[in-house]
Amino acid sequence: MTLLKRGPSRRRVLQTGLAGIIATGVAPAIFTRGAWAQEFCNNPTGDTVTFGLNLPLTGAYAEEGADEQKAYELAVQHLNGEGDGGLLPMLKPSALKGNGILGKKVAFVTSDSQTKADVARAGATRMIERDGAIMVTGGSSSAEAIAVQGLCQEMGVIFMAGLTHSNDTTGKDKRRYGFRHFFNAYQSGVGLAPVLAQEYGTDRRAYHLTADYTWGWTQEESIKNATEALGWQTVQAVRTPLGAADFSQYLTPILNSGADVLILNHYGTDMVNSLTQAVQFGMRDRQANGKDFQIVTPLISELMAKGAGESVKGIFGTSNWHWNLQDAGTQAFTKSFGAKYGSPPSQAAHTAYVQALLYADAVERAGTFYPPAVIAALEGFEFDGMGNGPTLYRAEDHQCIKNVLVVQGNESPTSEFDVLNIVQEIPREDVAYDPAMFGGDLGPAEPVPMCA
Amino acid sequence: MGVMSRKDLLLFLGFTVTVLAMPIWLQPFGAAYPDLLQRFMIFGIFAVGFNILFGLTGYLSFGHAAFFGVGSYAAVWSFKLLSLDAIPAMLFAIVVSGAFALAIGYVSLRRSGIYFSILTLAFAQMSYNLAYSVLTPITNGETGLQLTLSDPRHLDAAIGQAAGGQPIPTLLGQSLGGFAGFYFCAGFLILAFFIAQRITGSPFGMMLKGIKSNQTRMNYTGFNTKPYTLAAFVISGMYAGLAGALLAVTDPLAGAERMQWTASGEVVLMTILGGAGTLVGPVIGAWLIKYFENIFSAINEGMLHRFFDFLPDGVDSAFVAVTRKFVGEGWFLTLGLVFVLIVVFLPGGIMEGVRRIAGLFSRSRRAPTVPGQAVRQPQPAE
Amino acid sequence: MIDVIFLQFLNGLDKGAAYALIALGLTLVFGTLGVVNFAHGALFMLGAFCAVLFRQFLTLETVTVDPSQLSPWGTPLEVRAPLVQAWFGDWGAVLVNYSVPASIIITIPIMLLIGIALERGIIKHFYKRPHAEQILVTFGLAIVAQELIKAFFGPNPIPQPMPTDLRGAADIGAWLGMPANVITYPIWRLIYFLFSAVIIGGVFAFLQFTTFGMVVRAGMADRETVGLLGINIDRRFTIMFGLAAVVAGLAGVMYTPLLPPNYHIGMDFLVLSFVVVVVGGMGSLPGAVAAGFLLGILQSFASMTQVKALIPGIDQIIIYLVAVVILLVLPRGLFGRRGVMEA
């Protein structure tokens with residue numbers, strides 16, 4: 001039979017093919033790591049230094065992941081002195097030289113985390129063990145961030161979190177080796193509440209739909225606290241399964257519940273779906289308690305707003321950053337990103353880019369890749385020029401304290417990218433909080449754990 | 001059953017040597033790093049255990065990932081509450097997943113065929129959905145259960161061992177990171193293989209195969225088949241728990257995703273790809289899928305360009321453009337294609353291919369029994 | 001309270017219609033050909049992407065770079081003008097607006113072709129092979145189909161807007177003589193329900209009242225005898241597979257405005273539809289429809305806060321729980337026949 005030969009020969013082709021690919025691509029990484037001349041994990045000995053990008057390229061947050069990848073590629077270019085330099089000249093104070101990091105060219109490896117904590121952790125392990133990543137960054141969900149930063153603490157590798165909004169990331173699950181530039185659910189609540197009071201009054205009855213997992217719960221709690229402090233009542237807080245796709249069975253009970261505001265504690269495609277479906281149920285055309293029914297999305301990004309299309313118009317939420325800000329840093333980044341990719345960067349892209357720069361800068365200031373020295377350089381670092389105004393990397397919980405934006409879905413967009421308007425920039429003093437509020441323990445920086 | 005037959009012994013020794021030498025012979029394939037090697041071992045155990053149920057009795061469970069996940073959770077809880085040592089964690093995980101399998105198996109085995117498959121699927125999906133949501137106090141939901149500095153660890157505290165720094169699992173005080181972790185897992189894979197080999201050859205194994213070929217006839221001859229299938233179900237659930245515990249030992253985090261139906265489907269794929277009903281097949285299937293997942297998926301355009309460099313310009317770009325659809329993010333496409341081809345042309349999986357080739361060579365010399373082929377029934381049952 | 005229950009019931013019917021429609025196609029294939037088709041979810045997904053493709057074709061644009069204007073990031077502005085839409089003149093805008101229902105025109109032939117090609121190419125070789133192998137080969141095909149779609153359309157959902165006239169909610173309560181705004185329900189969901197009902201009714205009528213259907217039903221009962229009578233049952237089975245693919249595809253097309261399709265949408269439905277089919281009883285068309293509606297309604301009611309307060313987490317497991325209970329009480333599901341898929 002002809003097929004007898006087909007099986008094995010196919011395998012052989014694959015094997016020899018792979019051996020060839022690996023001989024050219026993967027093997028050097030292994031051999032350089034075989035030198036064992038390192039006193040900490042993946043001490044770069046050659047003339048390159050590798051970032052491990054752990055990105056959700058599939059799954060519910062894939063769109064954010066793809067945008068983060070673009071931003072990292074741009075950041076690596078700029079760090080290596082290619083392209084227009086982007087935010088490199090904007091960072092103040094800065095030790096960046098535009099010739100790589102400590103004279104070593106920056107390279108990167110990527111891994112698809114599939115928006116799953118387990119997979120993200122496996123990918124991070126792979127990039128640390130096989131590819132010799134000196135630093136891991138990325139992620140677009142709090143579950144991923146928390147799982148990966150735990151791993152990085154064990155391995156002695158610094159983790160620069162990408163988009164993660166849960167209070168736990170720098171709260172009860174904070175780690176010495178993990179750093180977050182993005183804001184959190186608590187800050188969303190504090191920032192959003194005054195605007196809600198001003199727009200919708202202080203006598204409102206809110207109904208929450210919440211993604212049934214830790215991020216959703218922390219956001220629900222934060223928003224509930226903030227709105228109830230205004231005088232709002234909470235009619236009901238209903239948990240929905242993550243990735244439910246069809247939310248109609250949770251939307252129907254809202255119609256006659258006596259609530260006049262719907263708060264959607266969802267993110268990614270979940271938010272796009274629940275918001276679109278809520279609008280299809282006519283919620284924005286309804287009246288309840290003699291007032292217009294309203295929908296609020298506490299955390300919203302340009303990408304989600306684009307996905308929701310018409311439905312997002314006029315809806316309030318918060319963002320970490322927006323490309324329409326008028327400061328020099330934002331304009332430089334938007335220009336650099338837009339020229340390269342033909343679209344403005346999202347807040348996920350921005351936080352990813354800034355994290356990469358901040359790490360590089362900290363290494364330059366520390367003068368070494370030795371993680372405890374880099375951690376010390378990042379802790380308590382006060383900087384400006386990155387588009388968020390003056391920013392502090394708090395030493396106590398590794399949370400960046402900076403301005404928070406309140407945004408609103410644009411009623412009359414001039415282009416497909418012009419989907420959100422900035423309503424207000426909340427100064428960072430107003431959204432700062434006691435680092436001990438969310439508990440947790442950073443753990444030690446030394447002795448530095450050794451990865452395999 | 002006295003000593004092993006010579007053929008079984010050879011197979012076992014060959015398997016042992018192959019496994020222990022993996023860090024050497026996988027070097028040229030770029031797969032000789034600890035994390036992937038550990039996964040090879042862990043999913044090998046999972047597949048061997050799954051095969052005890054599916055390969056021998058023909059009952060196709062679509063919910064085995066639940067036992068894997070329960071094993072992980074049990075192990076992490078043991079690290080948190082008892083001790084950072086791996087031994088109590090593994091014992092605890094095997095006991096808990098065995099008990100869980102007993103409960104689910106007892107109910108599910110009241111039905112057969114696809115009804116059995118759907119029952120196991122339903123139980124596993126319920127476990128997954130609950131672990132994600134209302135059981136969060138136990139499972140820590142989507143964030144996954146992790147070790148923290150403030151865990152009580154009563155056993156460790158009792159003997160006055162206070163670990164400094166981030167807690168990681170150990171074996172009698174020895175760290176299990178890197179290659180130590182691999183050899184730890186390899187020992188368990190070899191043990192698991194040995195036990196599976198003994199089960200297959202035992203009267204109990206014969207009984208299971210009898211159930212697969214004709215359960216009605218077995219019943220008519222006066223056997224009550226239920227205890228046998230239930231035993232097989234529990235054993236394979238314990239294997240899954242062991243694998244889950246090992247994953248928690250090498251990387252102390254337990255996430256709910258590993259209980260989802262896709263994870264259950266993956267072990268089915270591994271077993272069939274390698275060859276259901278054979279001893280070695282499921283392990284090979286597990287290795288192949290994990291290799292694809294970890295190495296194929298990491299190949300990027302740059303590597304392809306270097307690989308096709310010897311071709312003239314333009315031609316190499318065309319090759320890169322075509323092949324890149326099949327590697328990197330597209331690795332799953334390649335897997336799907338390989339899968340369809342194997343099911344269409346080699347229903348017995350890779351092991352059937354191996355047997356056919358071996359049969360070609362040895363036809364002139366002797367009857368078509370071949371080493372490495374312990375079971376004469378390559379066909380997976382319904 | 002009565003309005004809440006009524007709404008929840010309506011929602012159950014709406015969800016149930018979607019489940020029943022998918023389960024119907026699955027059962028059609030199993031009942032006639034005896035093949036367990038794990039690629040059915042992929043057919044649903046391919047149907048949805050027929051709508052995406054159609055809309056992308058209609059909204060093709062010409063791009064010209066205008067150096068006199070600048071984009072917000074300082075590069076020359078790209079000016080876009082509709083291309084295909086312009087061919088249709090005044091009707092262009094209407095066609096784009098109604099792209100989802102209009103794409104049914106291309107979906108039917110495309111899905112029929114895919115279905116027939118699949119059956120002739122691969123499935124027919126698996127009639128006599130064990131169910132486990134059927135599951136595996138169709139599962140492999142499903143992976144291939146979804147990865148191909150991912151390679152061409154990317155991993156992210158692609159929203160398909162519904163026609164502007166059909167947006168928003170209809171006041172059903174007012175039609176029934178209740179006060180305004182008590183019972184309102186999205187128009188498109190009502191359309192989807194009616195659409196499902198028509199398709200389900202059509203399939204039943206086709207099998208019940210046509211000669212073709214009669215032969216197929218006879219073939220389902222006893223394939224050999226029908227073959228002995230000199231009837232080419234194989235050709236009819238091929239057509240049945242094509243028909244099932246069309247049903248799955250149409251279900252996918254009409255679902256796109258409710259849920260933006262991505263490559264994975266079929267897999268998400270697959271597990272659910274199998275549970276529905278098994279609860280209904282393998283191979284029973286009325287069983288599939290009844291189980292679809294039953295599970296839809298139960299799921300809808302289990303999601304009510306009052307129910308969740310009694311049993312936490314019930315909304316997440318209700319479907320599986322019902323499946324377990326029904327299979328334990330009724331060994332072959334609601335309407336299953338003896339001896340089907342039990343060995």
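The following exchange goes through two sheets of chain A, a helix and a strand of chain C, and the contact between chains C and B in a predicted model.

Trainee: In what order do the strands of the open sheet of 5 strands in chain A stand?
Mentor: The pairing in this sheet is parallel. Its edge strands are β2 and β5 (178–180) of chain A, each of which pairs on one side only. Neighbouring strands are turned by 25° against each other on average, direction ignored. Read across, the order is β2-β1-β3-β4-β5.

Trainee: Which residues of β2(A) and β3(A) stand opposite A:L53?
Mentor: Strand β1 (residues 48–55) of chain A is joined to strand β2 (residues 105–112) of chain A by 8 bridges, and to strand β3 (residues 135–138) of chain A by 4 bridges. Both pairs run parallel. In β2(A) the bridge partner of A:L53 is A:T110, and in β3(A) the residue opposite is A:T137.

Trainee: Is β1(A) largely enclosed or left open?
Mentor: A residue counts as buried if 20 or more other C-beta atoms lie within 10 Å of its own. By that criterion 7 of the 8 residues of β1(A) are buried, so the rest of the structure leaves this strand largely enclosed.

Trainee: What angle does the direction of α3(A) make with that of β1(A)?
Mentor: Helix α3 (residues 62–79) of chain A belongs to a right-handed β-α-β unit with β1(A) and β2(A). The helix packs on the sheet and touches β1, β2 and β3 of chain A. Its direction and that of β1(A) make an angle of about 165°.

Trainee: Which residue stands opposite A:M160 in β5(A)?
Mentor: Strand β4 (residues 158–161) of chain A runs parallel to β5(A), and 3 bridges join them. Across from A:M160 in β5(A) stands A:F179.

Trainee: Which strands stand at the edges of the sheet of 7 strands?
Mentor: The order in this open sheet of chain A is β7-β6-β8-β11-β12-β16-β17, with mixed pairing. Each edge strand has a single partner, so one side of it is left without a neighbour in the sheet. The twist averages 25° from one strand to the next. The edge strands are β7 (233–240) and β17 (420–426) of chain A.

Trainee: How many bridges join β6(A) to β7(A)?
Mentor: Strand β6 (residues 205–211) of chain A and β7(A) run parallel. Within this pair, A:Y207 stands opposite A:Q236. The number of bridges is 7.

Trainee: What is the hand of the crossover from β11(A) to β12(A)?
Mentor: β11(A) runs parallel to β12(A) with 2 bridges, and A:L299 stands opposite A:T318 in β12(A). Between these strands the chain passes through helix α10 (residues 302–308) of chain A. The β-α-β crossover is right-handed.

Trainee: How many residues of β11(A) are buried?
Mentor: β11(A) is also joined to β8(A), in parallel, by 3 bridges, with A:V261 opposite A:Q294. The strand is mostly covered, and its buried residues number 6 of 6.

Trainee: At what angle does helix α6 of chain A run to β12(A)?
Mentor: Helix α6 (residues 185–200) lies across β8 (261–265), β11 (294–299), β12 (316–319), β16 (404–409) and β17 of chain A. Relative to β12(A), the helix runs at about 150°.

Trainee: How far apart are the end C-alpha atoms of α1(C)?
Mentor: Helix α1 (residues 2–33) of chain C has 32 residues, which at 1.5 Å a residue should span 46 Å. Of these residues 26 are buried, so the helix is largely enclosed by the rest of the structure. Just after the helix, C:G34 takes a positive phi of about 70°. The separation of the end C-alpha atoms agrees with the expected span, at 45 Å.

Trainee: Which helix supplies the largest share of the side of chain C that touches chain B?
Mentor: The contact takes 33 residues from chain C and 35 residues from chain B. On the side of chain C, α7 (131–153), α13 (265–280) and α16 (314–329) each supply at least two residues. That side divides into 26 nonpolar, 4 polar and 3 charged residues. The largest share, 12 residues, comes from α7(C).

Trainee: Which residues does C:P186 touch?
Mentor: C:P186 is found in strand β4 (residues 184–186) of chain C. It is buried, with 24 other C-beta atoms within 10 Å. Leaving out residues up to four places away in sequence, C:P186 touches A:Q280, A:F281 and C:A169.

Technical notes. Residues are numbered from 1 along each chain as its sequence is written. Chains are lettered from A and ligands numbered from 1 in the order in which they are written. This is a predicted model: local features need pLDDT of at least 70, side-chain atom pairs count only at pLDDT 80 or more; totals for chains, interfaces and linings use all residues. Two strands pair if DSSP finds at least two bridges between them. Axes are lines fitted to C-alpha atoms, for helices over the stretch in contact, and angles run from 0 to 180 degrees between N-to-C directions. Two residues are in contact if their C-beta atoms, placed from the backbone, lie within 7 Å. The expected span of a helix is 1.5 Å times one less than its number of residues. A residue is buried if 20 or more other C-beta atoms lie within 10 Å of its own, exposed if 12 or fewer, and partly exposed in between; C-beta atoms are placed from the backbone. A crossover is right-handed if, with the strands pointing away from the viewer, the path from the first strand over the helix to the second runs clockwise. Ala, Val, Leu, Ile, Met, Phe, Trp, Tyr, Cys and Pro count as nonpolar, Asp, Glu, Lys and Arg as charged, and the others, Gly among them, as polar.
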